[in-house]
Structures are given as C-alpha cells and as structure tokens.
Amino acid sequence: MRRAGLVVARALRDMTDAVQAGMTTHEVDAIAVEALAHAHATSNFLGYEPGFGIAPYPAVTCLSVNNEVVHGIPSQRVLHQGDLLSIDFGAIVEGLNGDAARSVIVPGQTGQSASTPETAARGRLNQATEASLWAGIGAARLGGTISDISSAVQRSLNRAGSYGIVRDFTGHGIGHHMHQDPDIPNYRTRGGAPIRQGMCLAIEPMATLGDDNVAILDDDWTVVTVDGSDAAHWENTITVTSRGLWVLTEEDGGQAMLERLGLPFGPLAD
Ligand code: MF3
Ligand code: CO
C-alpha cells in the first residue's frame with residue numbers, strides 16, 4: 001500500500017508543480033500517464049466500471065475545474081489563471097491501491113497567482129477543504145469508529161465558514177480494490193464501523209462555495225454543483241497502525257503535518 005501511495009504522492013506533486021494557465025487538462029493527465037510508466041504501476045481509474053451501464057472511465061486522472069466537483073474527464077479544456085482545479089489520481093502497485101487528490105488555484109504563466117475576490121474565495125474554500133481532510137485523518141484511531149472521521153470533517157468545515165458539504169459521494173475503504181467497505185461520509189452519522197489496526201481508508205472531503213446539491217453530466221462521469229458554485233476536493237489514503245497514523249499518499253508519510261497537529265506518526269517502515 002505504501003509503494004502505491006508513494007507513486008500517487010509523487011505524481012500528484014509532478015502535476016501540481018506543472019499546472020499553469022494555458023495548459024489543457026489532457027496535458028496534466030499526460031504527466032500522470034508518464035509517472036505510472038516510470039514507476040511500473042498501473043491505473044485503477046482507467047477502465048473503471050461502476051456498473052449500471054455507466055461507460056468505463058477513460059483516463060488515469062480525474063481533473064475537475066471550478067463548478068466541477070469530482071470525476072471531471074481530462075480534455076482539450078484550457079486552464080485559466082485562478083481556476084480551482086481538483087487533481088484526483090490513483091495507482092496500483094503489486095495488486096494494491098493508492099488514491100489521493102489535491103486541489104490548486106491555477107497560477108498564471110509567470111507563476112503569479114491572481115488576486116481577484118473570486119480567486120480569494122476559492123483559495124479560502126481550498127484551504128478549508130484541505131484542513132477538513134487533516135481533521136478527518138486526525139480523528140482516526142484504534143478503538144474509534146468511522147463516524148469519528150466523518151464528524152471531524154464536518155465540524156472542521158462548519159467552523160471554517162459557510163460551505164456546502166457534498167453528501168452524494170464519500171470516502172471509502174481501499175486495499176486490493178480501490179473502493180472497499182466501509183463508506184466514509186463527510187458528515188456526521190450514527191454508529192459507524194470500528195477502526196481496526198491496519199485498516200486502509202481513503203478520506204476525501206468535497207466542499208462547495210454554495211450548497212451540497214450535485215448532478216452528473218451526460219458524459220456519465222463529471223459531477224457538477226447544481227447551483228454552479230465552485231468546489232474543492234482533497235483526499236489521502238491512510239492506515240492506522242499500533243503506533244499511530246500513516247498517510248500512505250504523502251511523500252513523508254504525513255509526518256510533518258501530523259507532528260504540527262500533535263498527532264502520532266506511526267509508520268511500519270519506509
Ligand atoms: N478517486 C476517486 C474515488 O475515490 C475515483 C475515481 S473514479 C474513477 O472515488 F473512475 F476514475 F476511477
Ligand atoms: Co477515493
């Protein structure tokens with residue numbers, strides 16, 4: 001799981017480092033194709049079939065811009081300075097899955113970031129969504145439950161501002177398959193499965209500048225906000241060891257952020 005997670009973490013860094021105004025989302029996807037080949041890893045997104053007659057997913061990344069929440073399909077769409085881009089990527093190494101996402105404000109071609117009120121609001125949403133991911137990660141502990149994670153994500157977002165929290169898509173267990181039980185909602189639920197040692201969980205809050213209503217476009221995949229508001233999405237695959245938390249899809253295993261948050265970093269090896 002760590003090997004797959006490292007491939008995902010590094011490719012996400014390659015993509016976030018490269019993104020700038022004027023690129024197409026297809027060009028961003030091509031960076032991930034190259035990263036998979038370089039790592040001798042395979043894609044868990046490409047050809048993914050959720051069933052119900054939905055078309056197989058056609059790319060190795062999901063690239064969702066502005067009012068697109070998740071599952072945007074790479075295309076010839078050109079990115080503009082100040083766009084809010086969610087980059088979601090997964091990989092399989094030795095039969096095991098990694099899955100993670102980062103959102104970024106697209107910088108201009110000279111690297112400067114736009115400072116309009118609109119991009120400032122996008123930036124605040126993005127930071128709040130990232131913080132809610134880490135709040136969820138930090139709530140995972142042996143003896144606790146999945147609902148501890150869900151509640152922590154919701155509480156974090158509610159404290160940060162007046163954001164919509166998407167309910168129609170959730171985080172998930174992960175391992176030999178990308179999507180396994182249990183579902184991990186981003187809002188408070190009752191009960192919830194116990195968190196056991198070595199469980200691997202993909203936590204992935206999706207938040208909007210409007211409400212939580214979403215729709216799926218005719219391409220079968222792209223999830224957009226119904227009110228047209230912008231959305232951010234952050235995801236990491238984590239596991240809980242006897243020693244603490246291990247963020248499998250961060251290059252440092254999550255060490256720096258966990259220490260900053262006063263949480264136990266508990267890798268098995270590296
Ligand atoms: N990372 C997204 C998730 O967790 C996944 C992908 S959809 C796919 O659900 F079809 F591209 F795989
Ligand atoms: Co996921």
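The exercises below work through the ligand sites and two backbone features of a predicted model.

In this model, local features need pLDDT of at least 70 and side-chain atom pairs count only at pLDDT 80 or more, while totals for chains, interfaces and linings use all residues. Residues are numbered from 1 along each chain as its sequence is written, ligands are numbered from 1 in the order in which they are written, and side-chain values use heavy atoms, with hydrogens and water left out.

**Exercise 1.** Describe the surroundings of ligand 1.

Step 1. Ligand 1 is surrounded by 13 residues, the closest being Asp88, Asp99, His172, His179 and Glu204, where a residue counts if one of its heavy atoms lies within 4 Å.

Step 2. Among the polar contacts (pairs of N or O atoms within 3.5 Å), an oxygen atom of ligand 1 lies 2.9 Å from a side-chain N or O atom of histidine 172, and an oxygen atom of the ligand is 2.8 Å from such an atom in glutamate 204. A nitrogen atom of ligand 1 is 3.4 Å from a polar side-chain atom of glutamate 235.

Step 3. Of the 330 Å² that ligand 1 exposes when taken alone, the protein buries 96%, as computed by the Shrake-Rupley method with a 1.4 Å probe.

**Exercise 2.** Identify the protein donors of the cobalt ion (ligand 2) and place two of them along the chain.

Step 1. The donors, meaning N, O and S atoms within 2.8 Å of the metal (3.2 Å for Na, K and Ca), are Asp99 (OD), His172 (NE2), Glu204 (OE) and Glu235 (OE), at 2.1 to 2.3 Å.

Step 2. Their spacing along the chain is D-x72-H-x31-E-x30-E. Glutamate 204, in the loop between β8 (200–203) and β9 (206–208), and glutamate 235, in the loop between β12 (231–233) and β13 (236–241), are 31 residues apart; strands are DSSP runs (E, at least two residues).

**Exercise 3.** Is the peptide bond from aspartate 181 to proline 182 cis or trans?

Step 1. Most peptide bonds are trans.

Step 2. This bond is cis, with omega near -5°, and proline 182 belongs to strand β7 (residues 180–184).

Key: A polar contact is a pair of N or O atoms within 3.5 Å; within protein, one must be able to donate a hydrogen and the other to accept it, and residues adjacent in sequence count only if both atoms are side-chain atoms. Helices (H or I, at least four residues) and strands (E, at least two) are DSSP runs, numbered from the N terminus.
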